[in-house]
Structure formats: structure tokens, C-alpha cells
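Colleague: I'm new to this one, so could you walk me through a single part of it up close? Pick a spot and tell me how its pieces fit together.

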Amino acid sequence: KENIMEVKGLHKRFTSKGITVKAVTDVSFDVKPGETIGIVGESGCGKTTLGRCIVRAYDASEGEVFYRTRAGEELDFLKVDKKKMKEIRKEIQMIFQDPYSSLDPRMTVLDIIKEPLKANYPKMSKAEMDQKAKAMAEKVGLNPMYLMRYPHAFSGGQRQRIGIARALVIEPQIIVCDEAVSALDVSIQAQVINLLRDLQKELNLTYLFISHDLSVVEHISDKVGVMYLGRMVEFAPAEDLFEKPMHPYTEALLSAVPVADPTIQMERIPLKGEIPNPANPPSGCYFHERCHYCIDKCTTDAPALTEMPDGRLCACHRAKELALRGFTYDEGAK
Ligand code: SF4
């Protein structure tokens with residue numbers, strides 16, 4: 001399948017009071033239609049900024065995002081003019097983290113779901129909008145009897161369903177889910193993830209699923225990108241990444257995920273120190289101060305995201321060597 005999206009060399013810098021913070025540095029990856037790309041990392045790693053640059057809620061500082069529209073046009077999404085943007089914006093929607101704050105408390109649920117139709121199809125009749133909004137509410141499992149109520153009358157899981165219906169009512173191709181289930185209880189998380197998967201199959205949606213929670217990402221993603229301090233350090237099929245991480249940071253992140261079966265729990269790998277200040281990142285490999293495998297070269301040379309023999313991408317000078325011999329702390333490390 002051809003790619004539906006190609007992110008190439010994306011950078012985002014924020015400057016405030018003379019201080020520049022590199023929130024996203026040189027991130028590249030491809031997305032095929034109908035697949036889910038998970039983006040993981042600790043808070044502050046740049047994953048939300050990356051998502052926002054991709055939907056153009058933020059303007060990227062550098063880079064390209066090639067997007068294939070439903071009509072088959074291929075364009076650099078970051079460079080299209082306002083008119084074109086309005087036309088294609090509806091094809092790329094976002095579902096937010098907090099269903100409590102992203103819904104207007106003064107609007108009925110029906111009006112909330114209809115809002116994107118009003119904004120994008122001003123000539124559509126009220127009857128057609130009502131019919132489309134009700135059909136979408138039903139598809140996401142909301143009771144059509146309750147659509148004249150206000151968001152506060154709904155539980156967290158139902159509010160996230162409202163957010164999903166609002167994003168889907170204008171029939172997008174790509175959905176960026178930013179911590180879309182993080183505010184929900186674990187049992188409700190599973191229901192919403194199952195709903196997202198069912199909708200994906202039915203509507204042929206492509207997801208970019210941003211989350212700090214690896215166990216959530218594992219359940220929904222086809223491929224996973226791991227971010228650290230604004231850079232992507234590993235990008236691999238989900239199965240490969242979870243079974244055999246290649247980057248030392250991925251290894252440490254995975255070791256911290258609790259698993260139900262204690263016999264397969266990895267030994268927890270404590271990271272050294274804290275996440276560095278993104279306004280003043282370390283030289284060389286951004287991870288070197290916390291890495292158990294750091295060698296001299298890592299302190300001066302930034303490793304590029306490079307294709308490994310199994311096809312995954314990894315940004316580590318020692319990735320091939322560590323993958324071959326397995327991760328064991330070595331005496332040569334600094
Ligand atoms: Fe660790 Fe060096 Fe690899 Fe960075 S490049 S992750 S410091 S071994």
C-alpha cells in the first residue's frame with residue numbers, strides 16, 4: 001500500500017524570552033492507510049507537539065508532512081494555503097486527552113457532535129446534520145435518547161465517545177489521538193480502545209496514537225515510535241519492539257511496564273538521573289547521561305535514526321552490537 005502520510009525531518013522549536021526549546025528534532029516516519037502508529041515517551045518528550053504539528057495546530061519550524069488526500073492528491077500538508085487547508089483539514093482530526101475539558105458544557109451533545117459539520121459544510125441542511133450526528137452517536141455507542149443532554153450528565157467514558165463522534169462525523173481519514181484514554185479507568189480504557197479498533201476497521205481510519213502508557217499503545221498499534229527529548233529513537237513494528245527492544249531507552253521504558261505474569265517480568269532497569277532540560281540538551285546522544293551503555297563517542301556524536309538489519313529504525317551507535325549480544329551492562333560503559 002502507498003503511504004497516506006510521510007513525516008520528513010520535522011522540527012519544532014519554541015522561543016520565549018530569548019530561550020529556545022527544541023520540542024521536536026528531526027522526526028521522520030511513514031504511515032500506511034488503515035494502520036495505527038503509536039508514539040510513546042515520557043511527558044515532555046515532544047509527542048504531543050509532534051501530533052499538533054501534524055494536524056497543524058502548531059506550525060512546524062522545519063520539515064515536511066506529505067499527505068495523500070481522499071481525492072488522491074499528494075501535497076505537503078504544512079505548506080498548503082488557507083483555502084486548501086480548510087478543504088483538507090476535515091480529513092485529519094484530533095481526539096484530545098481530557099474529555100472533561102474539551103467539550104463545551106453549555107452545548108447539548110447533539111450540538112457538540114454537529115459542530116464540525118456546521119463549520120465545514122455551512123450549506124448542509126439542519127435535518128441532514130441532525131441525521132448524520134445521530135447516526136454517528138449511535139455508531140460510537142451513545143444512546144440517541146440522551147443527545148439533548150449536556151456533557152456533565154455523562155460519565156468519562158461516554159464523554160470520550162462524544163469526542164470520538166465529534167471527530168468522526170465529518171468522515172476524516174486520519175485521527176490523531178492524544179492520550180485519548182489516559183484520563184479513563186482501566187476497564188473503560190479497554191472499552192474505548194475496542195471501540196476505536198472497531199471504528200478503524202469499519203471506516204478504514206488511520207490512527208496516530210500518542211500515549212505515555214506503553215501497555216495501551218501495545219494493544220492498539222501496528223508500529224510504534226519511541227521519543228526521547230524531542231527525537232525519535234526507535235521506530236519498529238509493535239511486535240518486534242515489545243518483544244525485543246533495540247534502543248537502550250526503549251529497553252528501560254519496557255522494563256517499567258507491569259505485566260500480569262510475574263515470571264515474564266523483565267528486570268527493571270533504573271535510568272540514571274532525570275530527563276535533561278530540553279532548553280539545554282546534552283551533547284551527542286541526548287540519552288547519554290542516563291544510558292548504561294554509553295561510550296566516548298556517545299558524548300560527542302548524535303546517532304542518526306538508521307535502518308537496522310531487521311528493517312526497524314534505531315538511533316543508537318551501539319544498536320547492532322547490543323541487539324546481537326542482548327542487553328547486559330558492560331564494563332566499557334561510562
Ligand atoms: Fe546509549 Fe550511546 Fe546508544 Fe545513546 S548512542 S543510547 S548513549 S549506547
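Modeller: Sure, let's take the strands, starting with one pair: strand 1, residues 5–16, is joined to strand 4, residues 62–68, by 5 bridges, and the two run antiparallel. Keep in mind that this is a predicted model. If you want a spot to zoom in on, find Lys8: its bridge partner in strand 4 is Glu64.

Now step back a little. That pair belongs to an open sheet of 4 strands, laid out in the order 2-1-4-5, with antiparallel pairing. At the edges sit strand 2 (19–31) and strand 5 (74–76), and each of these pairs on one side only. Going across the sheet, neighbouring strands are turned against each other by 20° on average, ignoring direction.

While you have the model open, have a look at a helix pair too. Helix 3 (residues 109–120) packs with helix 5 (residues 156–168) at an angle of about 30°, and their axes are 7 Å apart. Angles under 35 degrees count as roughly parallel, so helix 3 is roughly parallel to helix 5. Their crossing is right-handed. On the helix 3 side, the contact is made by Val109, Ile112, Ile113, Glu115 and Pro116, while helix 5 brings Ile162, Ala165 and Arg166. Sorted by class, this contact of helix 3 with helix 5 has 6 nonpolar residues, 2 charged ones and no polar ones.

Technical notes
Residues are numbered from 1 along each chain as its sequence is written. This is a predicted model: local features need pLDDT of at least 70, side-chain atom pairs count only at pLDDT 80 or more; totals for chains, interfaces and linings use all residues. Axes are lines fitted to C-alpha atoms, for helices over the stretch in contact, and angles run from 0 to 180 degrees between N-to-C directions. Angles under 35 degrees count as roughly parallel, over 145 as roughly antiparallel, 65 to 115 as roughly perpendicular and the rest as oblique. A crossing is left-handed if the near helix is turned anticlockwise from the far one by less than a right angle, and right-handed if clockwise. Two residues are in contact if their C-beta atoms, placed from the backbone, lie within 7 Å. Ala, Val, Leu, Ile, Met, Phe, Trp, Tyr, Cys and Pro count as nonpolar, Asp, Glu, Lys and Arg as charged, and the others, Gly among them, as polar. Two strands pair if DSSP finds at least two bridges between them.
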